[in-house]
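Student: I would like to go through the reasoning behind some labels. Can we start from the terms and then apply them?

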Amino acid sequence: MAIRMGIAGAAGRMGRALIAASAERSDLRLSALLVRDAGQGANLALPANADHAPDIVSAPERLFALSDIVIDFTSPAASVLHAGLAAERGMPLVLGTTGFDAKGERAIRAAAKKTALLRAANFATGIALLVHLVRKAAATLDMGYDIEILEMHHAMKRDAPSGTALALGDAAAEGRGRAASFAASDRSGIRKTGEIGFAVLRGGDVIGDHEVIFAGAGERLSLAHRATDRLVFARGALRAAAWLYGRPAGLYGLDDMLGLRAPEDRTDGE
Ligand code: NAD
């Protein structure tokens, strides 16, 4: 029996990619699509092979009632609401939204105490690996190497730096074994040793480029990832949904799904 899957943010860039990618999986069945208003649902391209058309709904409670698992790529405010509904129902939730403030972060963690929640700022497998490589590089190279993180996204992206860039910054800080010290947005004056800097570029239809530069005296190491198709995130999120279904409450990440992190090393969510 296929798992009934609901999508929140179905009319968005990622929602449409999720609908398209869902046609590739027989273990997941699109059951409900949450749109902001009925107009948004009118022109959604549904997979031709769907033997049961999903319900298009605009009330989140309906989305949850019709689904066994929900995938959410919306906005921080909507995702906090959806995480609360998932927690109330003990329903697993895959969360792709980025840009939460501290209060939103707390709400997500609280929800993960009551239900299985898998969150990733970037569902590309290559990014999960990049996070590890950055942690390793930061642990290997001394503080003489300045770390700069550069990201570029399409002009419509709202949060900056991207959630992925921040996750890469956290990985670099972890590798160095110290709390993250991010450079202030005002970069005038000389660079402080140990700071992790960000550069944000916005324009056109760039899906997501990230580069981490370790700049030392006499050499520069650069680790980069470029997403060229939004389907890469969608496929990762669908795989995450199939993996998450049936797991106990907790805050999971791609590390857990890909076996890159031992359960005893998990510090989040418990
Ligand atoms: P988008 O603006 O194209 O789509 C968001 C959709 O959510 C829109 O259709 C909007 O109407 C809907 N929405 C917002 N609030 C809602 C609400 N209260 N109820 C119902 N629907 C609501 O954005 P996008 O490019 O699809 O990205 C969405 C989020 O996912 C962003 O936070 C983005 O940073 C993130 N993202 C994550 C990944 C990843 O791999 N984790 C990849 C791409 C984008």
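Tutor: Contact means heavy atoms within 4.5 Å. Keep in mind that this is a predicted model.

Student: Which residues does Val 94 touch, leaving out those up to four places away in sequence?

Tutor: Val 94 touches Ile 69, Val 70, Ile 71, Asp 72, Leu 118, Phe 123, Ala 237, Ala 240, Ala 241 and Leu 244. Each of these therefore has heavy atoms within 4.5 Å of Val 94.

Student: What makes the set of 57 residues a nonpolar core?

Tutor: Its members are buried residues of the listed nonpolar types, joined through side-chain atoms within 4.5 Å. Ile 71, Val 94, Phe 123, Val 134 and Phe 214 touch the most other members. Helix 8, residues 231-244, gives the most to this core, with eight residues. Another core, of 21 residues, lies apart from it; Ala 32, Leu 34, Leu 85 and Ala 111 are among them.

Student: Why is the pair between the ligand and Lys 157 called a polar contact?

Tutor: An oxygen atom of the ligand is 2.9 Å from an N or O atom in the Lys 157 side chain. The cut-off is 3.5 Å, so the pair qualifies. The backbone of Ala 121 also qualifies, because its polar atom is 3.1 Å from a ligand nitrogen.

Student: How much of the ligand does the protein bury?

Tutor: The protein buries 82% of the 860 Å² that the ligand exposes taken alone.

Student: What makes up the shell around the ligand, by class?

Tutor: Nine nonpolar, nine polar and four charged residues.

Methods. Residues numbered from 1 in each chain as written. Predicted model: local features only at pLDDT ≥ 70, side-chain atom pairs only at ≥ 80, totals over all residues. Heavy atoms only, no water. Polar contact = N/O pair within 3.5 Å; in protein donor to acceptor, adjacent residues only side chain to side chain. Areas by Shrake-Rupley, 256 points an atom, 1.4 Å probe, with all protein chains shown as cover. Nonpolar A, V, L, I, M, F, W, Y, C, P; charged D, E, K, R; others polar. Buried < 20%, exposed > 50% of the residue type's maximum accessible area, 1.4 Å probe, protein only. Helix = DSSP H or I, 4+ residues; strand = E, 2+ residues; numbered from the N terminus.
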